[in-house]
Amino acid sequence: MEISIIGTSKITHHHINVLKKNFKIASISSTRKGSKNLKKIAKKFKIKKVFYNWKKSLDFSKTKKNSAFFITSRIEDNEKILLECCKLKKKIFIEKPVFIKSKKFNKFLKFNNQIFVGYNRLFYNN
């Protein structure tokens, strides 16, 4: 399975270290056009497909039969990214608290077989 990563938060490095043991990283994209982390991460992990616009990574993923998404974006971007990823009917792993307001989950209940949420407390001191 190939994974397309959307988001370049500070913890993304740690996720990629784990992901690359079992999956091929197909692409990485950022939710911010001027992301400095995007270049650093792509170079460090030798990811060839890099998108400064996360929507272009969705187009790229459409060409891949056995692929999934890994979302590590900012909480305020998650709703729009998650909705677009769900439309492609691929598996999605999203980290963080997905939304601040729990009512937003209601529109995603029909995608419950696609979305997997993980919240890693390993890298936090509190």
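A residue is called buried here when its relative accessible area is under 20%, exposed when that value is over 50%, and partly exposed in between (1.4 Å probe, protein chains only). By that yardstick, 47% of the 126 residues of the protein are buried. The model is a predicted one, so local features need pLDDT of at least 70 and side-chain atom pairs pLDDT 80 or more, whereas totals for chains, interfaces and linings use all residues. Numbering starts from 1 along each chain as its sequence is written, and side-chain values rest on heavy atoms, with hydrogens and water left out.

As for overall shape, the C-alpha trace spans about 40 × 40 × 30 Å along its principal axes. The radius of gyration (taken over C-alpha atoms) is 14 Å. That agrees with the value near 14 Å for a compact globule of 126 residues, the rule being 2.2 Å times the number of residues to the power 0.38. With contact meaning heavy atoms within 4.5 Å, residues 24 or more positions apart supply 49% of the contacts with a separation of 6 or more. The accessible surface (Shrake-Rupley method, 1.4 Å probe) comes to about 8000 Å², and carbon and sulfur atoms hold 53% of that surface.

Four helices and six strands make up the secondary structure; these are DSSP runs numbered from the N terminus, with at least four residues for a helix (H or I) and at least two for a strand (E). Read from the N terminus, the elements go β-α-β-α-β-α-β-α-β-β. The six strands form an open sheet with parallel pairing, in the order β3-β2-β1-β4-β5-β6; strands pair if DSSP finds at least two bridges between them. Because β3 (50–51) and β6 (115–118) are the edge strands, each with a single partner, one side of each has no neighbour in the sheet.

Strand β4 (residues 67–71) deserves a look of its own, as five of its five residues are buried. Ser 67, Phe 69 and Ile 71 point one way, while Ala 68 and Phe 70 point the other way. In a regular strand, side chains alternate between the two faces of the sheet. Strand β1 (residues 2–6) pairs with β4 in the parallel sense over five bridges, with Glu 2 matched to Ser 67 and Ile 3 to Ala 68. Strand β5 (residues 91–95) also runs parallel to β4, joined by four bridges, and here Phe 69 stands opposite Ile 92.

Together, β4, α4 and β5 build a right-handed β-α-β unit; that is, with the strands pointing away from the viewer, the path from the first strand over the helix to the second runs clockwise. Helix α4 covers residues 75–87 and includes Asp 77. This residue is buried, with a relative accessible area of 5%. The side chain of Asp 77 makes a polar contact with the side chain of Thr 31 at 3.3 Å. Such a contact is a pair of N or O atoms within 3.5 Å; within protein, one must be able to donate a hydrogen and the other to accept it, and residues adjacent in sequence count only if both atoms are side-chain atoms. Asp 77 and Ser 35 are 42 residues apart along the chain, and 14 Å separates their C-alpha atoms.
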